[in-house]
Amino acid sequence: MALLAESMKVHLRQFTSAAVDGSLMLRGLLGTSAGRSLGYGKGTRYLRNQTSFSSSKAEAAAPAAVPMNQLMDDFVNGSTANYIEDLERRYVENPESVPGSWADFFRRLEGGETPDSLSQAYSQFASTNVALTGASSALAVKKSIGVTLLIRAYQTQGHLLAELDPLELDVRPMQTDLDPSSYGFTEADWDLEMSVDNPEFAGLFNTKEKSTYTLREIVKRLREVYCQSIGYEYNYISEKAKCDWLRNHIESQPHEFSSAEKTTVYDRLAWSVMFENFLSNKYTASKRFGLEGGETLIPGMKTLIDTLAEGGCETVVMGMPHRGRLNVLANVVRKPLAQIFSEFSGGLKPITEEGDKTDLYSGSGDVKYHLGTSYDRPTISGKTIHLSLLANPSHLEAVAPVVNGKVRAKQYYLDDKERSKVCGIILHGDGSHSGQGVVYETYDMSALPEYTTGGSIHIVVNNQVAFTTDPKFSRSSPYCTDVAKALDAPIFHVNGDDVEAVCKVMKIAAQWRQKWKTDVVVDIVCYRKHGHNEIDEPMFTQPLMYNAIKKHPNPLEVYKAKLIGEKAMTKEEVDAIGKKITNIMNSEFENAKEYTPKARDWLSSHWEGFKGPDQVARMRNTGVPMEILKRIGKNVTKLPDDFTPHRQVKKNYEGRKKAIETGEGIDWATGEMLAYGTLIHEGNHVRISGQDVERGTFTHRHAVLHDQKTGARYRPLDHVRMGQHPHQFTVSNSALSEFGVLGFELGYSMQDPNSLVIWEAQFGDFANGAQPMFDQFLSSGEAKWLRQTGLVVQLPHGYDGQGPEHSSARLERFLQMCDDDPYVIPEGMQDPDVELFFRGKHTIAQHQHHNWAVVNVTTPANFFHCLRRQVHRQFRKPLIVMSPKNLLRHPQCKSPLTDFDDEQSDDNDIQGIRFRRLLMDDSVTSRHPQPEPETQVRRLILCTGKVYYEIAQEREKRGLKDDIHICRLEQISPFPYDLVLRELRRYPNAEIMWCQEEPMNMGAYSYVEPRLYTCMKTLGLPLNWPLPYAGRPTSAATATGFAETHSKEQNGLINHALTLGD
């Protein structure tokens, strides 16, 4: 190829260097825009009506016309290196597949001729053609190259002149690269015939029927394909096969709608438009965030779903903001109209089949335009596809990663290795798509091995205004979709008034996704009829736009006029459809007056047998038989003989193996591994995700080992049992994202309850990058949307001198979001029946009635049971773990293997082994709710987390074990009232003190204080208020950045905790 390339350089230098500017060629081939567009508009109308070239360029003298039909040999028109390379490839495969002159060229090249001799041969060839002499041959080559570059320019930049804006407000000038005069053409060239016999242009021009086209015909064809209601962006995609596929679908497969298809499209559009009109008329003063101006979304989505079903898709998971949500619920997912109308009237809480309202949990609820639902929808082709629309808060893009997480989980459980059966559809607004960082975080995960879903279909409902902000103030890029280019996703911009064009690009998008398994974007350029909501006044900020909107017909009127004008439908036919829809809506409106939801849309079929907060649930024993523990421990600590681990990792695994064999000294990582292994052994799916989770931020986990000689990877937990599914245990380092990845794992956890899904932050402090997920989804999702999740969030937390950004996971924030009442002790916890106390039913009920659990665990065995508890209950709640850092290797933070098994405790009252919400002082053993008083104890320190070990060590040094006892709150919320009451009964003479490492205005102090007050008041104990406190003083920063100050503070709070008064 080097010789061929050199030959091409000589050829182009001799015949075109004087005629074609190099920068122009580069601009045409690479698609670099000469100008920047901020909108869509009338520029294309100017283009279509144009009968002369741009006046911005000086016209060249018209040369004598050259009969291009005399210049038909492909050799003359070989104007680009890519074309030459393609010809050579065809020649190598079959010499007869290329024109004779090119075959001769390649034969001579293979024969060893030099570039000079080949150039000479070309000159001789040219001189034998009557019309190719002197200047004419050079001009012909220039014209040939020019038309090639012009075609390339339209393929790459035609979208800049496409008619995309229904309101025709934004007039864009002719783009330099799309102006024929930029390539040396003049008025005299309009009817010049040229060959376009290039394989890459085959979809544009039918060269079998006609071998030459005039410049006028070429430009007309380019405008028909690339400058009408659809603007295509795809030439930045690096993979040639994908570009060729798209070019073929765009240029070679123009979809002409049949009469039957047009009738279907009209019917679907009529439902969309008339639904909005009906709501507008019936509920004039209600906010509904309607779809007016973008109603073509509905027939477009239906076409999309039909095409996905034809391509083998069985399930679609959708996420979208509030605008247009009611229309999608009604007309795509088919939520009953009577139910929607009932919600406008205030709605009713659901009742049981017997009509009783008192015992059915319905949560706090949410506004109607945030809700989701699911439906099995029949398609035009006769197939059935399951649709689910996820609930979403007003944080517009927050649901995007949640959708992908749920899609990925469904693919796992369906064993959808090809990722064809389940697809995600994510709807966006224009302002949020370009403005919200989680959009890019979601795109960025699209090709990561453990996060890919085989591509999502993104639909932007582009109102051309974000609340009250114009595009030029809300983004720096020409299009709101430009972020998707980073992922090589094709983008289709389409005029929202052209419903057939919308359906066409939706079909291509579905086919692309099923074929290439990557993301694709459809940008529906439309408008918003009202303000941000129906009672908002848009004329304050967009008077010109809204004056145009007032005069503009809705999409149904536009399409109706088109169909009647084409005689595709009669007026009587369109009127009949409207009458049918009106009758149905009026009927459903009447039904809504009597509508009462009979059952909750509570949990999907995968959750059968799981309980809501109003139902009695049980918890299984979380202990595991010793035989199984040892077998699993052996399997997951054994490394292959031919595997060479890092020497430190080898030592680590030898230590784990020894601990399992001896039953002593189980450290944190081993306890964690046993929790995962035993759950996998029981058939559960375990997935751990987050930054650096494979090794662990603090080099403790080593769940994925790397051969030091070959680089091969080995995951011990893939070998828990024979026949284990290859992805039953999944651990994966994530992108450097919190918001997006946590959202993904949340979606994953919502699919099937028989799984343990964990997101771990690199440091707990970084969780605030995902705060909307905690606020809007995890802490309140069940109350708002009746959706349970057992997601575990592990946040490394602890004060060890690493500064303000690596010390605190902001425990106080998670406790503030807990919904347990600090002044009411739950039923069964104050004076429990002894038998019931040890069965723990009251603790299960307490947890069922609250939104999540927050724990700060201090032993490997308790962490083991805490994780297993997540799966061994008949309900699911999120779990927030303040996970340790220096306890991972602390010599005292070890557990015997007997603490993991399912044998009875030495205390006969304990019903097996389970997670201990409170750990008593190590000097006492009785767990009876009415223990014998320890009257000699002068102070009871309550604390949580690793500070316990420091206090206990210093207490030992000072000889204060008889005077001061220490209890650890392992579960901070829901608050273990029953166990705290037990300990207060045990120490009737002791001063109660709270000790923590965090500043007073952080940590658990503010949460614990009123709850301790309630317990003390209940027992009639003296109320020493405020609660005695040992910890850091209030602070703006979570921790100091000075090591000396840290040590001084830490020593000070421990000394305070252990200093007794007279």
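Buried residues account for 59% of the 1062 residues in this chain. The model is a predicted one. Its secondary structure comes to 35 helices and 24 strands. Among contacts between residues at least 6 apart in sequence, 81% join residues at least 24 apart.

**Exercise 1. A strand and its neighbours**

Task: Find out how many residues of strand β15 are buried, and which strands are joined to β15 by bridges.

Solution.

Step 1. Strand β15 covers residues 755-760. Ser755, Val757 and Trp759 point one way, while Leu756, Ile758 and Glu760 point the other way.

Step 2. Residues on both sides of β15 are buried. The count is six of the six residues, so β15 is largely enclosed by the rest of the structure.

Step 3. Strand β11, residues 685-690, is joined to β15 by six bridges, and the two run parallel. Here Arg687 stands opposite Val757.

Step 4. Strand β16, residues 792-796, also runs parallel to β15, with three bridges between them. Trp759 has Val793 of β16 as its bridge partner.

**Exercise 2. The buried face of a helix**

Task: For helix α21, compare the reach with the expected value, then work out where around the axis the buried residues fall.

Solution.

Step 1. Helix α21 spans residues 571-592, which makes 22 residues. From first C-alpha to last it reaches 32 Å, close to the 32 Å expected at 1.5 Å a residue.

Step 2. List the buried residues of α21: Val574, Ile577, Gly578, Ile581, Met585, Phe589 and Ala592.

Step 3. Viewed down the axis of α21, these buried residues fall within an arc of 105°, so they line one face of the helix.

Step 4. A general rule helps here: an α-helix has 3.6 residues a turn, so residues three or four places apart point the same way.

Step 5. On the other side of α21, Glu572 and Lys579 are exposed.

Step 6. The partners of the buried residues of α21 are α10 (259-282), α13 (337-344) and α20 (555-566), against which they pack.

**Exercise 3. Salt bridges in different settings**

Task: The whole structure has 44 salt bridges. For the salt bridges of Arg377, Lys562 and Lys242, name the partner and give the distance, then say whether the residues are buried or partly exposed.

Solution.

Step 1. Arg377 and Asp306 meet through their side chains in a salt bridge of 3.3 Å, N to O. This pair links distant parts of the chain: Arg377 belongs to strand β5 (residues 373-378) and Asp306 to helix α11 (residues 297-310), 71 residues apart. Both Arg377 and Asp306 are buried.

Step 2. Lys562 forms a salt bridge with Glu566, and their closest N and O atoms are 2.7 Å apart. Because Lys562 and Glu566 are four residues apart in helix α20, about one helical turn separates them. Lys562 has a relative accessible area of 31%, so it is partly exposed. Glu566, at 38%, is partly exposed too.

Step 3. Lys242 forms a salt bridge with Glu239, with the closest N and O atoms 3.6 Å apart. The cut-off for buried is under 20% relative accessible area. Lys242, at 14%, therefore counts as buried. Glu239, at 38%, counts as partly exposed.

Step 4. Salt bridges can also link several residues: Asp921, Asp922, Arg955, Glu956 and Lys961 are linked in a network.

**Exercise 4. Aromatic pairs**

Task: The structure holds 25 aromatic pairs. Classify the pair of Trp512 and Trp516 and the pair of Phe763 and Phe766 by the angle between the planes.

Solution.

Step 1. The cut-offs needed are these: planes under 30 degrees apart count as stacked, over 60 as edge-to-face, and the rest as tilted.

Step 2. For Trp512 and Trp516 the angle is 40° and the centres are 6.0 Å apart, and the pair is tilted. Both lie in helix α18 (residues 499-516), four residues apart, about one turn of the helix. Both Trp512 and Trp516 are buried.

Step 3. For Phe763 and Phe766 the angle is 70° and the centres are 5.7 Å apart, and the pair is edge-to-face. Phe763 is buried at 11% relative accessible area, whereas Phe766 is partly exposed at 23%.

Step 4. Ring pairs also link Phe278, Tyr283, Phe341 and Phe589 into a cluster. Phe589 appeared in Exercise 2 among the buried residues of α21.

Key
Residues are numbered from 1 along each chain as its sequence is written. This is a predicted model: local features need pLDDT of at least 70, side-chain atom pairs count only at pLDDT 80 or more; totals for chains, interfaces and linings use all residues. Side-chain values use heavy atoms; hydrogens and water are left out. Buried means under 20% relative accessible area, exposed over 50%, partly exposed in between (1.4 Å probe, protein chains only). Two strands pair if DSSP finds at least two bridges between them. The expected span of a helix is 1.5 Å times one less than its number of residues. The arc is that of the directions from the helix axis to the C-beta atoms. Contact means heavy atoms within 4.5 Å. A salt bridge is a side-chain nitrogen of Lys or Arg within 4 Å of a carboxyl oxygen of Asp or Glu. Rings of Phe, Tyr and Trp (its six-membered ring) pair if their centres lie within 6.5 Å; planes under 30 degrees apart count as stacked, over 60 as edge-to-face and the rest as tilted.
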